[in-house]
Amino acid sequence: MRFPALSLIFRLVLLAALALPLAVPNTAQAGHGDKAPGKTGILLVAFGTSVPEATRAIDAIKKQAEDAFPGIPVRLAYSSKIIRDKIAGQGVAKSSPAQALADMAAEGFTQVAVQSLHTIPGSEYSDITATAEAFQAMPKGIKKVSVGRPLLYSFGDIALAAEAVLKSLPARKKGEAVLLMGHGTAHPANAAYAALQLALWKHDKGVFIATVEDTPGLDEVIPELKRQGVRKVFLVPLMSVAGDHAMNDMAGPEDDSWASRLKAAGIKGEPVLVGLGSRPAVAALWIEHLRDAVKELGR
Ligand code: CO
């Protein structure tokens, strides 16, 4: 080689050039301009629950998020004001999404991935996207707020959700079926339940969906169960938690509960009080949606 010494010097200069920015202390960048180091956070938004034991399902999703994103602080908010007010009376304080984002802005978070823990992209979800947009537009606030989609968003999401739900259902004998209890809403996103029903039937004709508040109602499903000779159904909440709807509207002793109405129709209802958040394969889908939201922050 003709210039070994030069080559060595060249390499040293190159090394020094590469190492220099690393040697500059971080605080040197934290001046007035836009170059302050970024701080990333995650905000999970559940509808919320007034049933203390039901919070386990939300805690399980939060734990999965913390494990999936070590080093990123994970916060939790409840989107339902009714639930927040109700549990405040029991001495439990939970933030709204807006309050949680305001706190995070005050603590210096510059980018936040907000993950909806809702089942369908209904009004709770559109409220979250509106709140996120408002915070992103606020001067001197959080620079970027991304929103992770709920469980049943695209057809792809719905297909994966069907497979994940089927993984953890109870084993059935002849004459037994599963009836999933969705919430239901007047919002057009209610159609997601029908789409999930089709995706479930691709794999398993013995799994049915009805909703508490909208269509399909229980009365639409009971004739189909009878036609198929179903004598017993496992009642399973299609909600992140097995909360008030699951314990009362689904499994409660009142005449108008699903268990009672099914019994009146000659079908035994066996409640399974486990929320979707406590089903790891389903919780993992919310975490995948969160992964997309974190990626969108451009970290
Ligand atoms: Co409700």
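Pro-216 is found in the loop between β6 and α8 (218–227), and this residue makes a good place to begin a tour of the predicted model. The peptide bond that leads into Pro-216 from Thr-215 is cis, with omega near -10 degrees. A second backbone feature belongs to Lys-140, which has a positive phi of about 60 degrees although it is not a glycine. Both features stand out against the general background, since most residues other than glycine have a negative phi, and most peptide bonds are trans. Lys-140 sits in the loop between α5 and β4 (144–148). With a relative accessible area of 89%, Lys-140 is exposed, as the cut-off for that class is over 50%.

Stepping back to the whole chain, the protein has 11 helices and 8 strands. Of its 299 residues, 45% count as buried. Among contacts with a separation of 6 or more, 75% are made by residues 24 or more positions apart. One pair that is distant in sequence is Gly-266 and Lys-226: these residues are 40 positions apart along the chain, with their C-alpha atoms 8.6 Å apart in space. Gly-266 belongs to the loop between α10 (258–264) and β8 (268–271). Its relative accessibility is 55%, so Gly-266 counts as exposed.

Helix α7 offers a view of the interior. Within this helix, which spans residues 191–203, the buried positions are Ala-192, Tyr-193, Ala-195, Leu-196, Gln-197, Ala-199 and Leu-200. An α-helix has 3.6 residues a turn, so residues three or four places apart point the same way. The partners of the buried residues of α7 are α6 (155–167), β5 (176–182) and β6 (207–211), against which they pack.

The metal site comes next. The model holds a cobalt ion, coordinated by the NE2 atoms of His-183 and His-245 at 2.0 to 2.1 Å. His-183 is placed in the loop between β5 and α7, whereas His-245 is part of helix α9, so the two ligands tie together parts of the protein that are 62 residues apart in sequence. His-183 is partly exposed, its relative accessible area being 30%.

Both histidines appear again in the largest pocket, which encloses about 640 Å³ of space. This pocket is lined by 28 residues, and those closest to its centre are Phe-47, Glu-124, His-183, Met-239 and His-245. Three elements, α3 (81–88), α5 (123–137) and α9 (244–250), each give two or more residues to the lining. Sorted by class, the lining of the largest pocket comprises 11 nonpolar, 14 polar and 3 charged residues. At least three lining residues come from each of domain 1 (6–13 + 155–275) and domain 2 (21–153 + 280–297).

The second largest pocket holds about 150 Å³ of space. Its lining consists of Glu-53, Ala-54, Arg-56, Ala-57, Ala-242, Met-247, Leu-273, Val-274, Gly-275 and Ser-278. These residues divide into 6 nonpolar, 2 polar and 2 charged. Here too, domain 1 (6–13 + 155–275) and domain 2 (21–153 + 280–297) each supply at least three residues to the lining.

Definitions and conventions:
Residues numbered from 1 in each chain as written. Predicted model: local features only at pLDDT ≥ 70, side-chain atom pairs only at ≥ 80, totals over all residues. Heavy atoms only, no water. 1 Å grid on protein atoms, 1.4 Å probe; cavity = no way out; pocket = protein on both sides within 12 Å on 5 of 7 lines; lining within 4 Å. Points joined across faces, edges and corners; volume = space filled by probe spheres on them. Helix = DSSP H or I, 4+ residues; strand = E, 2+ residues; numbered from the N terminus. Nonpolar A, V, L, I, M, F, W, Y, C, P; charged D, E, K, R; others polar. Domains from an automatic or database assignment. Buried < 20%, exposed > 50% of the residue type's maximum accessible area, 1.4 Å probe, protein only. Contact = heavy atoms within 4.5 Å. Donors = N, O, S within 2.8 Å, 3.2 Å for Na, K, Ca; no water.
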